[in-house]
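Thanks for coming. I will take a few minutes to walk through one structure, part by part. Please have a look at it before I go on.

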Amino acid sequence: MATSNRGMNPLDTLRDRYEAVETECPACGYDDAEGTWVSQTDGAEVRYEHDCPSCGKVTAHTISFGR
Ligand SMILES: [Zn+2]
């Protein structure tokens, strides 16, 4: 596992929140307890993706930072 950088970055805060959320697949119900959300941002929104190791479905959440 990579070393995580514990800053006060809002992205880190959001990612921690998402990692605490259940990563249960809505398609097959597989609960990927070890799963992590991959985040990408364009500066205005953060997109989180998690792909199910059981059926391969990608679950995505997009969060807008707002203004
Ligand atoms: Zn699945």
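Strand 2 has two faces, one covered and one not. On the covered face sit Val46, Tyr48 and His50. The uncovered face carries Glu45, Arg47, Glu49 and Asp51. Keep in mind that this is a predicted model.

What lies against Val46 and Tyr48? Both are in contact with Leu11. Leu11 belongs to helix 1. Setting aside neighbours within four places in sequence, the contacts of Leu11 are Thr41, Val46, Tyr48 and Phe65. There is also a distance to mention here: from the C-alpha atom of Leu11 to that of Gln40 it is 9.4 Å, with the two residues 29 apart along the chain.

Now the uncovered face of strand 2, which includes Arg47 and Glu49. How many salt bridges does the structure hold? There is one. Its partners are Arg47 and Glu49, whose closest N and O atoms are 2.8 Å apart. In general, side chains of opposite charge can pair when their charged atoms come close. Are these two buried or exposed? Neither word fits Arg47, because its relative accessible area of 34% makes it partly exposed. Glu49 is likewise partly exposed, at 26%.

Next, the sheet. Three strands make it up, in the order 1-2-3; it is open, and the pairing is antiparallel. Strand 1 and strand 3 are the edges, each pairing on one side only. From one strand to the next, the twist averages 20°. As a reminder, strands of a sheet pair through backbone hydrogen bonds, either parallel or antiparallel.

Take the two pairings in turn. Strand 1 and strand 2 are joined by four bridges. Across this pairing, Val38 stands opposite Glu49, the residue that also forms the salt bridge with Arg47. These two strands form a hairpin with three residues between them. In that turn, Gly43 has a positive phi of about 100°.

Strand 2 and strand 3 pair over seven bridges. One residue to look for is Glu45, whose bridge partner in strand 3 is Ser64. This hairpin has six residues between its strands, and Gly56 takes a positive phi near 85°.

That leaves the metal. Which residues hold the zinc ion? It is coordinated by the SG atoms of Cys25, Cys28, Cys52 and Cys55, at 2.3 to 2.4 Å. Along the chain, the donors follow the spacing C-x2-C-x23-C-x2-C. The four donor atoms make angles of 106 to 115°, and the site is tetrahedral. For reference, the ideal angle for four tetrahedral donors is 109.5 degrees.

Where in the chain do Cys28 and Cys52 sit? Cys28 is in the loop between helix 1 (10–20) and strand 1 (38–41). Cys52 is in the loop between strand 2 (45–51) and strand 3 (58–64). They are 24 residues apart, and the pair links distant parts of the chain. Cys28 counts as partly exposed because its relative accessibility is 38%. Cys52, at 4%, is buried.

To recap: one sheet of three antiparallel strands, a helix 1 residue, Leu11, in contact with Val46 and Tyr48, one salt bridge, and a tetrahedral zinc site. That is what I had to show.

Definitions and conventions. Residues numbered from 1 in each chain as written. Predicted model: local features only at pLDDT ≥ 70, side-chain atom pairs only at ≥ 80, totals over all residues. Heavy atoms only, no water. Donors = N, O, S within 2.8 Å, 3.2 Å for Na, K, Ca; no water. Tetrahedral: all angles 85-135°; square planar, octahedral: opposite > 155°, others 65-115°. Buried < 20%, exposed > 50% of the residue type's maximum accessible area, 1.4 Å probe, protein only. Contact = heavy atoms within 4.5 Å. Pairing = 2+ DSSP bridges. Axes fitted to C-alpha atoms, helices over the stretch in contact; angles between N-to-C directions. Salt bridge = Lys/Arg side-chain N within 4 Å of Asp/Glu carboxyl O.
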